[in-house]
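Welcome, and please take a moment with the sequence and the fold before reading on. The report below walks through a few places worth visiting in the viewer.

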Amino acid sequence: MNKAVNDGVRPGNNEVWSGSWVAERLGVELLGDPELTDLLGLALRRNPKRAHLLVSNVLGKHVPQSPSVVYGYGFTLGRRVRELLGTEESRRAVVLGYAETATGLGHAVADGIAVAPYLHSTRRPVAGVATAGGFEESHSHATSHLLLPENPALLAGEGPLVLVDDEFSTGNTVLNTIRDLHERYPRDRYVVVALVDMRSAADAGRLDEFAAEIGARVDLVAAASGTVRLPEGVLERGQELVARYEAGGAGAGGLSSAAPSGLVAQFPAPLKDKGIDADPSPEVARNPNPPGARGTARPAPTGPHPTHNRTTRVELRWPRNLPDGGRHGFTPQHRIRLERALPAMAARLADALPEDAHRVHILGFEELMYAPLRLARELEQVVDAGVTYSTTTRSPVLAVDDPGYAIRTRLTFPAHDTPADGPGDRYAYNIAGAGFDAVVAVIDDTADTPELHAPDGLLARLAEHTPHVILAVVPSYVPERPPMLPEPLRGPAFSSYAPEEVGWLLQDLSDVTLEAPTEEREEAIQSGGAHYAESLPVEYQPSEQYQQLFHTALDEAAGRLALAVGAVTELVLAERSPHPVLVSLARAGTPVGVLMRRWAQYRHGLDLPHYAVSIVRGRGIDANALRYLAAHHDPADVVFVDGWTGKGAITRELTDAVREFEESDGITGFDPEIAVLADPGSCVQTYGTREDFLIPSACLNSTVSGLISRTVLRSDLVGPHDFHGAKFYRELAGVDVSVDFLDAVAARFPEVTDAVATLSKELLAADRTPTWEGWAAVERISEEYGIHDVNLVKPGVGETTRVLLRRVPWKILARAGAGADLDHVRLLAEQRGVPVEEVAELPYTCVGLIHPKYTRGATGADGKAVAV
């Protein structure tokens, strides 16, 4: 394994190894498999992190190579991965390639696996496409990688993730990638694929340790293995060497006047200022006419080809809506479409070539490696000329015209795709002086800009060194963008809350008549004729006596509410996120969300974002609201908030809805665990209390909830890209107590601060595992009272109040000895003629029973019953 392979001569022949120049000057040693010298050469670059560059002879990036060789290496690695995983695991796998150098290699690996979709990272942001992740490449000159899948589910699956890079040198890039993705999309297995594994023993151990740390299996597949031995001070010596040679003229794109005559014959004076880099060093002058090393360009001709004013453009007729690569994902079905279209596209390229062409080069463009590679490989099958392939690159590398150096020449030209990081130079290596009869530049339409066609642009640079420049443009695939979601509604235009207190992810339906009499709605709901969210109950107008009961209850309960608000907020900050995004379930959860926000501001100085969203039993949470949240916040920071739990129907609804959203959109990270003030049903782990006591906001409807109605979901009003709807009852402003309620509770924060600290510590130390006692009690009551329908049993003070305000109540069960917490319930029951039955053994303070008058359409199994 540790055989030295950098003696300057390729094993078995007298051909000079294209890494010997660097090895001799810097003392760099390449150790490992004998085939490493076939796969790799060495070059130098100006980089503060790593001076040397491993230059692949089979990647198709810097060194022109047969497209069959380039594609064959990646495809063979893919076959090895499929053998490693087996057919079933391969079907569950996703392949991820690294930009820019490994985008084509990753594609070829995915082709070898055959049944796996492919995605590559990118350094090109795409407007309207959400970022699903990102990571850093520590040694690169351009580090930030973005992941922009059209379908984020590509990353959210549980199957193996296959990560493909051209070289595996330290493992840092792979570790960064796995660390970032594993936090969002954990899985049990990873496979790392590279042309060469050049890690040290220490680096190999780090990957094993990391795999054990995350509890996942990590396999490695490589074409060859070895390591690079670097002497002490090699970085500084390499930088000095690069600086010296660039100062001599190479870095300026021409030759110094002091260059030896033999070198001038190879790179004549007219090339100066044309962006061609060559080494004017005396070392090269000793051998002015070296034999061409395999994979390097031959000496340039005595003079450049004249600049052409026109480039031949070929219409490829790329298949409509077929991605040009894996930037946004490339599936096996996409590959099948491409295979069918390749022969016709290659035939069009062949028709554009001159009849006497013997050497043809296909030049890809930065991350666009796969499409040019497949076109080149297909062209190779149908023309008599020799076909080679490489691509342009962002990476600046010193060029030295020596057979023992991997980068013989360098074309420099301005970026032509309006990059996000601004203008800069781009490069094409080993093209100048290679004697190509034609060069076919394959780019995407994003890069078909005036800069491409400028006098100093890529096409002009190519025309200086080949008699025929052909341009083929591939349409750059951009996923269809859904309509932009609107910004949240805020007060005072929508709701009586201050604008900073809450943003409503709803649409305003205030001008639509949606109200119906209670009995009429009940009949329609229970008969299966309508869903409860398709209409609204007529807003209850409280009597003066009832309003007095509310204020009395608020005065008595404000301290207890403040304690619960503080406790649940402290639990959220300690266990969920130090900077949570509060998302209340409209509308009962919204006053609680505002109070939690106020506590975080009062106690910790935090200014937490707070939104209100709609959830509808049987139809789930508003998916567009989740999309908005995912686009503006980390889903892991989102904490759903509600007022209280009853039997836990909404808790289960939210869990199911989040799971369905992950499956449909591929966006993960939302935690369906609800934070509530009171959890009498023992349905959640994050709560302020499990006592069933009166939360005064349950006594009223919109007039304690910012004057906002219950949410509405009706197909003729809410389209596929709309938020659910609600009404703003501006006309009830005179009786609105929403802000009074908030202020009364918040005013008690100072007096409960110490008690909150004690309670929150007790809760953090306690076993808060849900027992679902409430659900069991509801099932028992449903059977004991002959209802046989748990959805007509509404447990707890809050749920009972809603039965009396919105539904057709049958009877109220009250715990014997319940006191003032039920004063408002008794008053409402009296006004509606509903009997109140005291029960000795009742796990809740009270339970409301909806009249079982109608059909099983009220069961809620198909979403036809009221949810709270």
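Contact here means heavy atoms within 4.5 Å, and helices and strands are DSSP runs numbered from the N terminus. With that in hand, note that this is a predicted model.

**The chain as a whole**

The secondary structure comes to 25 helices and 34 strands. Of the 868 residues of the chain, 61% count as buried. Among contacts with a separation of 6 or more, 77% are between residues 24 or more positions apart.

How confident is the predictor? The chain averages a pLDDT of 83, and 86% of the residues score at least 70. Please read two stretches with some care. Residues 138-143 stay under 50 in pLDDT, and the model has 23 contacts for them beyond four places in sequence. Residues 855-868 are also below 50, and that stretch has 47 contacts in the model beyond near neighbours in sequence.

**Helices 12 and 13**

A good pair of elements to look at next is helix 12 (332-352) and helix 13 (370-382). Their lengths can be checked against the expected rise per residue.

| Helix | Residues in helix | Expected span | Distance between end C-alpha atoms |
|---|---|---|---|
| Helix 12 | 21 residues | 30 Å | 30 Å |
| Helix 13 | 13 residues | 18 Å | 19 Å |

For helix 12, the end-to-end distance agrees with the expectation of 1.5 Å a residue. The distance for helix 13 agrees with its expected span as well.

Where does helix 12 bend? A kink of about 40° lies at Leu342, shortly before the proline Pro343. Leu342 is also one of the buried residues of helix 12, which include Pro332, His334, Arg335, Leu338 and Ala341. Further along, Met345, Ala346 and Leu349 are buried too. The cover over the buried residues of helix 12 includes helix 5, strand 12 (312-314), helix 13, strand 17 and strand 18.

In helix 13, the buried residues are Tyr370, Ala371, Pro372, Leu373, Arg374, Leu375, Ala376, Glu378 and Leu379. What covers them includes helix 3 (67-85), helix 5 (103-113) and helix 12, along with strand 13 (359-364), strand 14 (386-391) and strand 17 (438-444).

Strand 13 holds His361, which counts as buried because its relative accessibility is 0%. Beyond its neighbours within four places in sequence, His361 is in contact with Pro64, with Thr388, Tyr389 and Ser390, with Ile431 and Phe436, and with Ala438, Val439 and Val440.

**Aromatic rings and charges**

The structure holds 15 aromatic pairs. One of them joins Phe494 and Trp504 edge-to-face, at 6.1 Å centre to centre and with 75° between the planes. This pair links distant parts of the chain: Phe494 is in the loop between strand 18 (469-474) and strand 19 (503-504), while Trp504 is in strand 19, 10 residues apart.

Are these two rings buried or exposed? Phe494 has 2% relative accessibility and so counts as buried. Trp504 counts as buried as well, because its value is 0%. Together with Tyr497 and Phe728, Phe494 and Trp504 form one aromatic cluster.

Elsewhere, Arg652 is worth a look for its place over two tryptophan rings. Its charged end sits over the ring of Trp772, 4.5 Å from the centre. Arg652 also lies over the face of Trp775, at 4.0 Å from the ring centre.

Key. Residues are numbered from 1 along each chain as its sequence is written. This is a predicted model: local features need pLDDT of at least 70, side-chain atom pairs count only at pLDDT 80 or more; totals for chains, interfaces and linings use all residues. Side-chain values use heavy atoms; hydrogens and water are left out. Helices (H or I, at least four residues) and strands (E, at least two) are DSSP runs, numbered from the N terminus. The expected span of a helix is 1.5 Å times one less than its number of residues. Buried means under 20% relative accessible area, exposed over 50%, partly exposed in between (1.4 Å probe, protein chains only). Rings of Phe, Tyr and Trp (its six-membered ring) pair if their centres lie within 6.5 Å; planes under 30 degrees apart count as stacked, over 60 as edge-to-face and the rest as tilted. A charge sits over a ring if NZ of Lys or CZ of Arg is within 6 Å of the ring centre and within 35 degrees of the ring normal. pLDDT is the predictor's confidence in each residue, from 0 to 100. The bend at a residue is the angle between axes fitted to the seven residues ending there and the seven starting there.
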